[in-house]
Amino acid sequence: MITFDVIKLTGNRELRRRMPLFDVALTLALAALVAAIATQRPALLALGAPFIVALAAAFALWKPLEGSVVVGVDTAHIVEGDEVNLLVDVVAGDHDLDRVEVELEVSDHLTPLTSLRAITSVPASGRRRVSFAVSADEWGIAKVEGISVRATDRFGMFGGAVQRPAGLMTMRIGLAEERLSANLGAEQFRSIVGSHLSHDRGDGLEIADIRPWLPGDSVRNINWRISNRRQEPWVTLRHPDRSANVVVVVDAHDGTGDAQRITHRRSAAAALALARGHLKLHDPVGLLVVGHTVRWLPPRLGRNHLLRIADELISVSDVPTASLRLYRPPALSYIGRETIVVAVSPLQDPLMIRLIAQLRSRGNPVVVLEPEIAPDGPPRLQARVERPVTRLARRFALAEREAGVQSLRSHGVALVSWKADEPATAVMAAVQRMRQSMARAGVR
Amino acid sequence: MATWHLDRLFRSATACLTLAAGLIAAAAFLVNAYRENDNVLGIMLVGALLVGLSGIAGSVWTTAFGLILFAAGSVLANPPDVLIAVAGCAGFAALLLIDLSITFRGAPTALRSVWVSAAITFAVVTANAMAFVAVAYLVATRATFAALLLPVAVIGIGYAVRLAAEFHERTISK
C-alpha cells in the first residue's frame, strides 16, 4: 500500500461532541419522566426507560476515541483503464472503535465502481482495511478530493467527524500505450517527419551525394563505376548512420472545461505515440511541454526515457487556469538547430505560434499537428448566452490566430488539422503527403 | 448467499426506515387493541408516518416528534402497563433504526459487525430498561411516588449545568 495521508483520531477534540441522537434520547427520556410525574403514573416511566438506560450507559462507558485512519492506494503505476483500489486502514488504539464511517470524494478522472462510503468497527489495538474500487478512466492527474471520517461510540451518542480536504492526495494516471500503438505505427511516424538521416555527410550506407575526389578523401569512398566513366576519380558521399534528433513540442495551452481536457488528452496521446515510435527506431527523442511553465526533457534513447516522457506528459492534464499564466520562460534555446520538431498544438496561443515561427526561421524542419478543439456546447446555446463583448473578443482572437497560421504556412511549416472524429492514421498520411510536397519544393 | 442478502437488507437505509415505521405502526395496533379509553390509533399512526419520514429526511429530531406523538397516543389509550413498556422499547428500537438508516444512506460498504453491534446494544439496553422499570415501578408502588422527583431534579439540574458550561466554552472559543 502506498500511503497518501494519515488522519489521527487520538486527541481530536472534534470527536468528543454530542451527537443528535444524544439530544433526542435525552428529550424523550425527560418527557417520559415529566409525564410520569405529572400524571402520577409510574407506568409511563416505561416509555422513557430505554432512553434513560441508553443515556446512562453512554455516559458510563464513554472513552475518548483513539486511533488513526491511513489512506493509500494499492499500486504506484496506474494506467488509464486500470481498476485501482483506494485503501483505508482504520487503526484502533487502546479501546474499541465501535462505529467508523469513512467517505472519500474523488476527482473526475476516477469513476467509483463501488460506494465510496464504508462503515466499519475495529476492536481495541486492531486494524481493519476498507477497499474502495475505482476505475482510472482518464489519463491525467487524479485526486482524492476529500476524505471524511465520522466516528461514534456504540450508542451513537458521542463522537464527531473529521474532514480532510485532500488536495495533496494525487495519483498520476498514465496513457495506455497499447491503445496508442494500435492507432499509430512507428514506421508511419518515421515517414512523417521526412528523412531521418542526418544532413551531415559521413560513413553510412545511404548515398547523399557524389562529387570529384578532393585531397583528403578516403580511397574507400571512390565510386569506381563513375570514375571509370568520367575518367577521373569521383567519390560517393554518404549520410552517417546516425538517427536524427526529434523534439516533440506539446502545447499545454490554457482553456476551460471539457474542450481543454479532450484537446490535452489528444495532444498527449499523439506526443507519446510519436515519442514511442521514434525511440523504437533509435531516434533520440526530446520533449518540450510549453504552457504555464516550460518542461524540457533533452533528446535521449531508451525505454526509461519513454517512461519519463509519459510521466512528464501527465502534467499537461493539470495546467492552471489562464489567469495564472503571466510569464512564460523562453523555450527556443532548448532545441538544437538540426533537430526535427513536431509540435502538437491547437494553435490557440499566440506565444505558441511565435515559438513555432522562430523554430522554423532558424531552419528546423517543423510539422504541426493541430487537434481541433471541440466546442463547449451547442452553437445556438453558446450564441444565446454569449455577450457581445465576448463575441467580439472571440472574433479578434480568431482573426489573430488565422494571421498567425498564415504566417506559419508562408514560412514553410507543415500544418495538419486533426479533427475530433478523424483517426490518427489519416492525419499522419496527410502530414506525410505535405512533407513530400515540401521536399519536392526544396523546403527542408 | 443468504448471508449476503441479509447483509444487503440490513445495510439498506430504506429497509431500516421501513422497519422502524412498521415497528411503530405494529406497536400502535397492539396498543389500540388493548385500549381502555379513546380510539387513538390515528394519532399513533401519524407518529409512525413521521418516523418513516424522518428516515427519508435524515433527521432524528423528526423521529423524536413522531415518537412523542406515539407516546401521547399510548398514554391516552391507557393500555396495560406491560404494553406501555413494549411501546417504549419499540420507540427506542425505532430511534436506533432511523439512526442506522441515516448511516446507511448511499448503500455504503458495511461490516456485519455494525448491525450486529446495534442489535446487541438494543437487546442489552432494553433488558436493562425493563429491569430499571421494574425496580422503579416497585419503588413507586411501595413507597411514595414523589421519591422519584429527586433523581429527576438531579438529572435535570446536572444537564442544565452541562449545557451552560458547553455554551460558555463555545462562546469563549469564538
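Which elements of chain A have the lowest and the highest mean pLDDT? Among the elements of chain A, helix 4 (residues 186–192) has the lowest mean pLDDT, 46, and helix 5 (residues 224–230) has the highest, 90, where pLDDT is the predictor's confidence in each residue, from 0 to 100. This is a predicted model, in which local features need pLDDT of at least 70 and side-chain atom pairs count only at pLDDT 80 or more, while totals for chains, interfaces and linings use all residues. Residues are numbered from 1 along each chain as its sequence is written, and chains are lettered from A and ligands numbered from 1 in the order in which they are written.

**Confidence and make-up of chain A**

The average pLDDT of chain A is 77, and 79% of the residues score at least 70. Over residues 180–200 of chain A the pLDDT is below 50, although this stretch has 52 contacts in the model beyond near neighbours in sequence; two residues are in contact if their C-beta atoms, placed from the backbone, lie within 7 Å. Residues 321–327 of chain A also have pLDDT under 50, and for them the model has six contacts beyond four places in sequence. Where pLDDT is low, the predicted coordinates should not be read in detail.

Chain A contains eleven helices and 20 strands, taken as DSSP runs numbered from the N terminus (helices are H or I with at least four residues, strands are E with at least two). Of the 444 residues in chain A, 38% are buried; a residue is buried if 20 or more other C-beta atoms lie within 10 Å of its own, exposed if 12 or fewer, and partly exposed in between, with C-beta atoms placed from the backbone. Among contacts in chain A between residues at least 6 apart in sequence, 74% join residues at least 24 apart.

**Strand pairing in chain A**

Strands are said to pair if DSSP finds at least two bridges between them. An open sheet of five strands in chain A has the order 1-3-5-9-7, with antiparallel pairing. Its edge strands are strand 1 (2–8) and strand 7 (110–112) of chain A, each of which pairs on one side only. From one strand to the next the twist averages 30°, with axes being lines fitted to C-alpha atoms (for helices over the stretch in contact) and angles running from 0 to 180 degrees between N-to-C directions. In the pairing of strand 1 with strand 3 (residues 67–73) of chain A, A:Ile2 stands opposite A:Val73.

Strand 18 (residues 340–344) of chain A has five of its five residues buried, so it is largely enclosed by the rest of the structure. On one side A:Ile340, A:Val342 and A:Val344 are buried, and on the other A:Val341 and A:Ala343 are buried, so that both faces are covered. In a regular strand the side chains alternate between the two faces of the sheet. Strand 18 of chain A runs parallel to strand 15, where A:Val246 has A:Ile340 as its bridge partner, and also parallel to strand 19, where A:Val344 stands opposite A:Leu369. From strand 18 the chain crosses through helix 8 (residues 350–361) of chain A to strand 19, and this β-α-β crossover is right-handed, meaning that, with the strands pointing away from the viewer, the path from the first strand over the helix to the second runs clockwise.

The bridges of four strand pairs are set out below.

| Strand pair | Sense | Bridges |
|---|---|---|
| Strand 1 and strand 3 of chain A | antiparallel | six bridges |
| Strand 15 (residues 246–251) and strand 18 of chain A | parallel | five bridges |
| Strand 18 and strand 19 (residues 366–371) of chain A | parallel | four bridges |
| Strand 8 (residues 117–122) of chain A and strand 1 of chain B | parallel | two bridges |

**The contact between the chains**

The contact takes 45 residues from chain B and 41 residues from chain A. On the side of chain B that touches chain A, helix 4 (60–77), helix 5 (81–103), strand 1 (109–110), helix 6 (112–142) and helix 7 (149–173) each supply at least two residues, and helix 6 of chain B gives the most, with 14 residues. The residues of this side divide into 30 nonpolar, 13 polar and two charged, where Ala, Val, Leu, Ile, Met, Phe, Trp, Tyr, Cys and Pro count as nonpolar, Asp, Glu, Lys and Arg as charged, and the others, Gly among them, as polar. Across the chains, A:Ile119 stands opposite B:Ala110 in strand 1 of chain B.
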